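Work through the exercises below with the structure open. Try each task before reading its solution.

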Amino acid sequence: MEKLEPLAEVIPQTGISQHSLAFALDQSVDCVKIVKLDGTISYVNTNGLCAMQIDDARVMLGAEWSTMWPPESRNHIVDGLETARRGGVARFRAACPTARGEHRWWDVTISALRDESGESVGYLGVSRDVTENQLTREVLEVATRELHHRLKNTYAMIASLLRTFGRSDPAARGFADDMAARLTAIGRAQALFTSQDAPCCLAELISALVVPFDSAQCPVHLDAVDDVTVPRPVADTIALVVGEMAVNASKHGALRHGGSIGLIGRMVQQELVVHWRERSTAAVHNTHRTGGQGLDLIQRIMRARDGAITIDWLENGLDATLRFTLA
């Protein structure tokens, strides 16, 4: 492998000890690049060359960084450099093969390099090999899609059996048709989470989650749900939390004893607020009030998504409010 030029000769004078900086960059296990203002590479650390399986540093030095990526990923570099130029820090994950053609995934961070006066003199690009992590995530997504598909088919099969039973017993036909409709609705709700990273419509999401539980004994009202789009991670979190609230209500609250459930979902400036209002005809069971494993799970789910939840217990129900800050 060709020896790189001394770092002091390829980066501008920034007031930082060149020897210290050179040593630190070469010790990094990541692929670290210094990019000029025109987008060409002026330095890459030794471990970076190894990660990209490049034997000759001249392949990268002087080359435009974006051209070293596949066409479908080049806009990430161009946009990232522009973000850094404006003072921000760009982060993205994209695929780029090595010089030997091995498929790799990279987490990339791009930030500006500035001199003592604050003037931008170039960019620092750091690429971390996350191929194993990405492949694990893809396997998990495939397994999740398969699970959802099997669940939907199971719901459809049980619904079909119920309808068949109802046709053979006129006295039970109404009950069978009602339960079959609920199972079909649950299947539609499951279909909302078949893996895409695309955002989700809040009104459609909440409706799909709670409509299967609506009944004369416990009506479920969507009092005011804004027709807004939320990111997939937030949508998944809402689905998990609302689903867990419904399970608790079916075991201890309004869905078991009778009563009502109302939901509100609104954007207030940059905050998404989802409110669950449950009123039961019976006093709240102690297990329901203390929460148990289910509500402990809800708290952990919300913290994992940087959300917050407050629960106000009443003698005949509860009020729960979920909050997410959306950029």
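**Exercise 1.** Find how the side chains of Asp236 and Arg232 meet, and decide whether each residue is buried or exposed to some degree.

Solution. This is a predicted model.
- Step 1: Asp236 and Arg232 form a salt bridge, with N to O at 3.8 Å. The cut-off is 4 Å, so the pair counts.
- Step 2: Both residues lie in helix H7, four residues apart, so about one helical turn separates them.
- Step 3: Arg232 has a relative accessible area of 10% and is buried. Asp236, at 25%, is partly exposed.

**Exercise 2.** Describe the salt bridge between Glu82 and Arg85, and the network around it.

Solution.
- Step 1: The N to O distance for Glu82 and Arg85 is 2.6 Å.
- Step 2: Helix H3 holds both residues, three apart, or about one turn.
- Step 3: Glu82 is partly exposed at 30%. Arg85 is partly exposed at 45%.
- Step 4: A salt-bridge network links Glu82, Arg85 and Arg86.

**Exercise 3.** Which parts does the salt bridge of Arg100 with Asp55 tie together?

Solution.
- Step 1: The closest N and O atoms of Arg100 and Asp55 are 3.6 Å apart.
- Step 2: Arg100 sits in the loop between strands S3 and S4, and Asp55 in the loop between helices H2 and H3, so the bridge ties together parts 45 residues apart in sequence.
- Step 3: Arg100 is exposed, at 56% relative accessible area.

**Exercise 4.** Which element gives the most to the largest nonpolar core?

Solution.
- Step 1: The largest nonpolar core has 35 residues.
- Step 2: Elements supplying at least two residues each include H7, S9 and S10.
- Step 3: H7 gives the most, with nine residues.

Key:
Residues are numbered from 1 along each chain as its sequence is written. This is a predicted model: local features need pLDDT of at least 70, side-chain atom pairs count only at pLDDT 80 or more; totals for chains, interfaces and linings use all residues. Side-chain values use heavy atoms; hydrogens and water are left out. A nonpolar core is a set of buried Ala, Val, Leu, Ile, Met, Phe, Trp, Tyr and Cys residues joined through side-chain atoms within 4.5 Å. Buried means under 20% relative accessible area, exposed over 50%, partly exposed in between (1.4 Å probe, protein chains only).
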